[in-house]
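Work through the exercises below with the sequence and the model side by side, trying each task before reading its solution.

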Amino acid sequence: MTTPNAQQSSARSEPGMLHKTFRRMFMRQGVVSACEELGGRFRLITLEGPQLRGVAWVPGQKVQIAIGATFATRTYTPIEWDDFAGRTRILGYAHGDGPGSAWVRDAAVGDWYDIFGPRSSLDARVAAPLAVFGDETSIGLAYALQSDIPGRTVSCRFEAEHIDDAELAIDRLGLGQATIAARAEGDEHLVAMEAELPAFAAAGATFVLSGRAPAIQRLRQSLRKLAVPGARVMTKAYWAPGKSGLD
């Protein structure tokens with residue numbers, strides 16, 4: 001494996017001394033070793049390197065990837081981490097024109113990046129069945145959770161702006177028990193999602209609500225009305241309309 005240098009990658013500009021020191025002390029380096037187009041707006045991006053070996057990772061944890069010469073980073077949820085090989089994969093979704101979406105679209109084999117983490121974000125290490133409600137940005141999380149505890153049931157309900165794109169990603173990852181609802185004006189599609197909550201609650205499921213902040217808030221309120229204990233509800237907003245990204 002070669003070492004990073006300015007000629008190998010145009011993905012980032014040369015940082016200043018303070019930024020170099022911070023990255024050397026707190027961040028790991030990884031090189032993009034593979035990019036798989038899933039069609040539409042999804043890409044599977046593989047990062048690897050010696051500094052990614054021996055890393056303790058829990059499905060649901062996040063990493064922050066430096067995408068510029070400053071401290072600018074974007075947060076992603078790895079779908080898997082091979083600590084022996086020093087390799088991790090991210091399912092990226094380019095849903096706009098921001099820096100994060102640009103990175104998903106433009107990351108290329110041979111590009112080196114600084115990676116902060118993995119760090120705590122959402123810990124669903126419970127034996128109970130999981131009911132995952134989210135959107136396009138939640139598909140990678142659902143895959144990681146499905147692979148976490150053998151035999152545990154993970155049922156997924158996703159909202160999506162582009163159903164065809166989401167179906168391609170779900171099929172590629174082999175996510176079972178997943179359905180997709182087209183995002184509708186006024187969030188009318190959430191009515192059907194809310195109608196499924198009582199059955200999951202009665203079955204003793206732990207709920208994982210992630211993705212779009214307004215949808216999470218609405219489903220959380222519905223679960224409160226069903227008297228689902230807070231210990232059985234986990235939430236993680238990945239984005240909100242009008243905001244560039246949530247950590």
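**Exercise 1: a helix and its surroundings**

Task: In this predicted model, find what Ala 227 does just after α6, and then describe the length, the buried residues and the covering of that helix.

Solution. Begin at the end of the helix, where Ala 227, just after α6, takes a positive phi of about 60°. Next, turn to α6 itself, which runs over residues 213-225 and has 13 residues; from first C-alpha to last it reaches 19 Å, close to the 18 Å expected at 1.5 Å a residue. Then list its buried residues, taking under 20% relative accessible area as the cut-off: they are Ala 213, Ala 215, Ile 216, Leu 219, Arg 220, Ser 222 and Leu 223. An α-helix has 3.6 residues a turn, so residues three or four places apart point the same way. Finally, look for what covers these buried residues of α6, which includes the helix α5 (190-202) and the strands β8 (130-134), β9 (154-160), β11 (206-212) and β12 (233-239).

**Exercise 2: an open sheet**

Task: Give the strand order of the open sheet of seven strands, and explain why one side of β4 and of β5 is left without a neighbour in the sheet.

Solution. Reading across the sheet gives β4-β3-β7-β1-β2-β6-β5, with antiparallel pairing. Because β4 (73-76) and β5 (78-82) stand at the edges, each has a single partner strand, and one side of each is therefore left without a neighbour in the sheet. From one strand to the next, the twist averages 35°. Now follow β4 to β3 (residues 62-66), with which β4 pairs in the antiparallel sense over four bridges; Gln 64 stands opposite Thr 75 in β4. As a last step, locate helix α4 (residues 163-173), which lies across β1 (28-37), β2 (42-48), β5 and β6 (87-93) and runs at about 45° to β2.

Notes: Residues numbered from 1 in each chain as written. Predicted model: local features only at pLDDT ≥ 70, side-chain atom pairs only at ≥ 80, totals over all residues. Heavy atoms only, no water. Helix = DSSP H or I, 4+ residues; strand = E, 2+ residues; numbered from the N terminus. Expected span 1.5 Å × (residues − 1). Buried < 20%, exposed > 50% of the residue type's maximum accessible area, 1.4 Å probe, protein only. Contact = heavy atoms within 4.5 Å. Pairing = 2+ DSSP bridges. Axes fitted to C-alpha atoms, helices over the stretch in contact; angles between N-to-C directions.
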